[in-house]
Amino acid sequence: MVSAKDREVATESGEEAPGQPREVKDSKSGRNLGAAFLVGAGLLAVFGGSLLFFPPLFMVAVAVAIVGGLVEFRHAIRNTGRHLAMPVTIVGGVGIFICASQIGLEAMLTATLFTVAVGLMWHLMGPARGEDLLRNITMTALAVAYIPLLGSFVGLLSVECGGPATAIYILATTLGSDTGGYLFGRFLGRHPMSPRISPKKTWEGFAGSVLLAVLISWGGTFWIGIPWFYGLILGTLVAIAATLGDLSESLMKRELGIKDMGHLLPGHGGLLDRMDSLLMAAPVAYIVLKFAIFSTQAPVLS
């Protein structure tokens with residue numbers, strides 16, 4: 001059996017841990033480049049195309065992504081002895097997204113609080129007691145906040161920030177951030193950003209994330225109709241949030257002793273491995289866009 005220490009040393013040195021199967025990947029990024037590109041472009045096409053041409057399909061796709069993410073999260077924590085109120089998180093998670101995409105922010109937050117409250121009651125009626133009970137409740141609350149709540153901001157963007165085009169705009173900006181980070185990190189990466197959390201992430205890659213996100217965001221302002229300088233602000237903040245989302249999940253996986261959250265998407269791992277950037281970027285984009293909309297509609301102060 002390979003110890004956690006052996007895995008940590010192997011990961012920090014860029015080598016594969018003993019006993020782990022080898023995969024055909026890019027030597028610097030740890031990804032299969034062709035598969036990663038096709039998966040990223042395919043997901044953007046599915047979600048973006050459904051938003052524009054058949055919104056009910058978008059609702060179904062996001063609901064499936066939320067449920068899949070929750071299942072991956074439960075699978076990832078299986079060795080910790082912690083348990084989720086799984087029926088509550090699945091039903092409540094889908095409900096949170098429906099409230100966000102059909103009603104708005106207040107309904108989304110209310111659904112989130114209700115889901116956490118029902119999850120609390122679920123655990124209180126279960127067999128766990130003491131510290132195990134508190135940890136199970138905390139884990140359920142974390143799962144609800146991390147996956148359906150943050151993910152539902154994508155639906156909220158289409159309700160309160162200009163319609164489907166705005167949601168596609170943010171999806172494309174986030175994908176651009178990921179792509180820029182990958183390309184710059186692969187070809188120019190020399191200085192690690194956080195070796196203990198994510199050894200392959202570099203400052204050069206981060207610069208690429210900001211650059212491509214800003215370019216896409218700036219170009220998109222002419223499509224969705226906000227002042228161009230908000231594109232510069234939004235692109236920069238999205239790249240920062242996306243990077244923090246990636247690092248946060250890397251830290252989570254390191255603490256859990258796993259390599260990927262799942263294996264559903266070739267070249268990426270699981271759904272959460274693909275969604276980690278967007279989960280952090282969507283709320284930031286929502287705040288910036290709400291401010292941009294407010295500032296363009298507010299009267300000029302004299």
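A76 has its place in helix α3, where helices are DSSP runs of H or I with at least four residues, numbered from the N terminus. The model is a predicted one, in which local features need pLDDT of at least 70 and side-chain atom pairs count only at pLDDT 80 or more, while totals for chains, interfaces and linings use all residues. Residues are numbered from 1 along each chain as its sequence is written, and side-chain values use heavy atoms, with hydrogens and water left out.

With a relative accessible area of 5%, A76 is buried (under 20%, against over 50% for exposed and in between for partly exposed, with a 1.4 Å probe and protein chains only). Its C-alpha atom is separated by 8.1 Å from that of K253, although the two residues are 177 apart along the chain.

Helix α3 (55-76), together with α2 (33-53), α6 (131-151), α8 (164-188) and α11 (271-297), supplies at least two residues each to the lining of the second largest pocket. A pocket here is an open set of points on a 1 Å grid over the protein atoms alone, with protein on both sides within 12 Å along at least five of seven lines, and lining residues have an atom within 4 Å of a point. The volume of this second largest pocket, taken as the space filled by probe spheres set on the points, is about 460 Å³. Of its 24 lining residues, L43, F47, L171, M275 and L278 lie nearest the centre.

L237 is found in helix α10 and is partly exposed, with a relative accessible area of 34%.

Technical notes: On a 1 Å grid over the protein atoms alone, a cavity is a set of points where a 1.4 Å probe fits but cannot get out, and a pocket is an open set with protein on both sides within 12 Å along at least five of seven lines; lining residues have an atom within 4 Å of a point.
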